[in-house]
Amino acid sequence: MGSNCRLYNEHRKDSKGLPPKTEKQVIKQCKAVQTMNVKLPATTQNQLGTALPDEDVWSATEQKTLEDAIKKHPASDAERWEKISTDVGTKSKKACIRRFKYLVQMVKNKK
């Protein structure tokens with residue numbers, strides 16, 4: 001902590017002729033910075049939440065497109081999942097793989 005505070009104080013000396021901070025002020029500032037909890041405003045969080053698609057919620061259309069794409073692209077194709085996610089259009093490669101694994105598990109559970 002000491003070195004960061006000292007650097008902060010030295011920086012202040014050169015800052016537009018302002019007087020250097022006292023040691024107490026520097027320590028207080030360093031502690032405040034170290035304990036800061038940065039949170040996005042609720043409006044920003046809401047915008048982020050609505051802007052990003054929920055990767056694990058699938059519509060019936062997306063599900064059908066995924067199933068068709070899995071049949072269309074053979075497992076031997078090195079770029080299979082990229083092609084499948086392109087066919088689905090609304091989901092990432094990772095989301096398609098997660099959904100496939102989920103469906104496989106559902107089928108296994110029914111047996």
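Here are five short exercises with worked solutions on the predicted model shown above.

**Exercise 1. Getting an overview**

Task: Describe the helices and strands of the chain, and state what share of its residues is buried.

Solution:
- Step 1. Begin with the elements: the chain holds 6 helices and 0 strands.
- Step 2. Put them in sequence order, and the pattern reads α-α-α-α-α-α.
- Step 3. Turn to burial: of the 111 residues in the chain, 19% are buried.
- Step 4. Finish with the contacts between residues at least 6 apart in sequence: 41% of these join residues at least 24 apart.

**Exercise 2. Finding the core**

Task: Which residues form the largest nonpolar core, and which elements give two or more residues to this core?

Solution:
- Step 1. List the members: the largest nonpolar core has 9 residues, namely Trp58, Leu66, Ala69, Ile70, Trp81, Ile84, Val88, Ala95 and Cys96.
- Step 2. Look for the elements behind them: helix 4 (60–72), helix 5 (80–88) and helix 6 (93–110) each give two or more residues to this core.
- Step 3. Pick one member and follow its contacts. Setting aside neighbours within four places in sequence, Ala95 touches Glu55 and Trp58.

**Exercise 3. One side of helix 5**

Task: Which residues of helix 5 are buried, and why can we say that they lie on the same side of the helix?

Solution:
- Step 1. Collect the buried residues of helix 5: Arg80, Trp81, Ile84, Ser85 and Val88.
- Step 2. Check how they spread around the axis. They cover an arc of only 125 degrees, so they sit on the same side of helix 5.
- Step 3. Ask what they face: the buried residues of helix 5 pack against helix 4 and helix 6.
- Step 4. Step just past the end of helix 5, where Gly89 has a positive phi of about 85 degrees.

**Exercise 4. How two helices pack**

Task: Describe the packing of helix 4 and helix 5.

Solution:
- Step 1. Recall what is needed: two packed helices are described by the angle between their axes and the distance between the axes.
- Step 2. Fill in both values. Helix 4 and helix 5 pack at an angle of about 145 degrees, and their axes are 9 Å apart.
- Step 3. Add the handedness: the crossing of helix 4 and helix 5 is right-handed.
- Step 4. Name the residues that meet. From helix 4 come Thr65, Leu66, Ala69, Ile70 and Lys72; from helix 5 come Arg80, Trp81, Ile84, Asp87 and Val88.
- Step 5. Zoom in on Lys72 and Ile84, which are 12 residues apart in sequence and 8.6 Å apart in space, C-alpha to C-alpha.
- Step 6. Add a polar contact: the side chains of Lys72 and Asp87 are joined at 3.4 Å.

**Exercise 5. Buried or exposed?**

Task: Sort Glu62, Gln63 and Lys72 into buried or exposed.

Solution:
- Step 1. Place the residues: Glu62 is in helix 4, Gln63 is found in helix 4, and Lys72 lies in helix 4.
- Step 2. Take Glu62. Its relative accessible area is 15%, so Glu62 is buried, given that buried means under 20%.
- Step 3. Do likewise for Gln63, which counts as buried because its relative accessibility is 12%.
- Step 4. Now Lys72: with a relative accessible area of 54%, Lys72 is exposed, since exposed means over 50%.
- Step 5. See what surrounds the two buried residues, leaving aside neighbours within four places in sequence. Glu62 contacts Val57, Thr90 and Lys91, whereas Gln63 contacts Trp58, Arg99 and Leu103.
- Step 6. Add one last detail: the side chain of Glu62 reaches the backbone nitrogen of Ser59 at 2.9 Å.

Key. Residues are numbered from 1 along each chain as its sequence is written. This is a predicted model: local features need pLDDT of at least 70, side-chain atom pairs count only at pLDDT 80 or more; totals for chains, interfaces and linings use all residues. Side-chain values use heavy atoms; hydrogens and water are left out. A nonpolar core is a set of buried Ala, Val, Leu, Ile, Met, Phe, Trp, Tyr and Cys residues joined through side-chain atoms within 4.5 Å. Buried means under 20% relative accessible area, exposed over 50%, partly exposed in between (1.4 Å probe, protein chains only). Helices (H or I, at least four residues) and strands (E, at least two) are DSSP runs, numbered from the N terminus. Contact means heavy atoms within 4.5 Å. A polar contact is a pair of N or O atoms within 3.5 Å; within protein, one must be able to donate a hydrogen and the other to accept it, and residues adjacent in sequence count only if both atoms are side-chain atoms. The arc is that of the directions from the helix axis to the C-beta atoms. Axes are lines fitted to C-alpha atoms, for helices over the stretch in contact, and angles run from 0 to 180 degrees between N-to-C directions. A crossing is left-handed if the near helix is turned anticlockwise from the far one by less than a right angle, and right-handed if clockwise.
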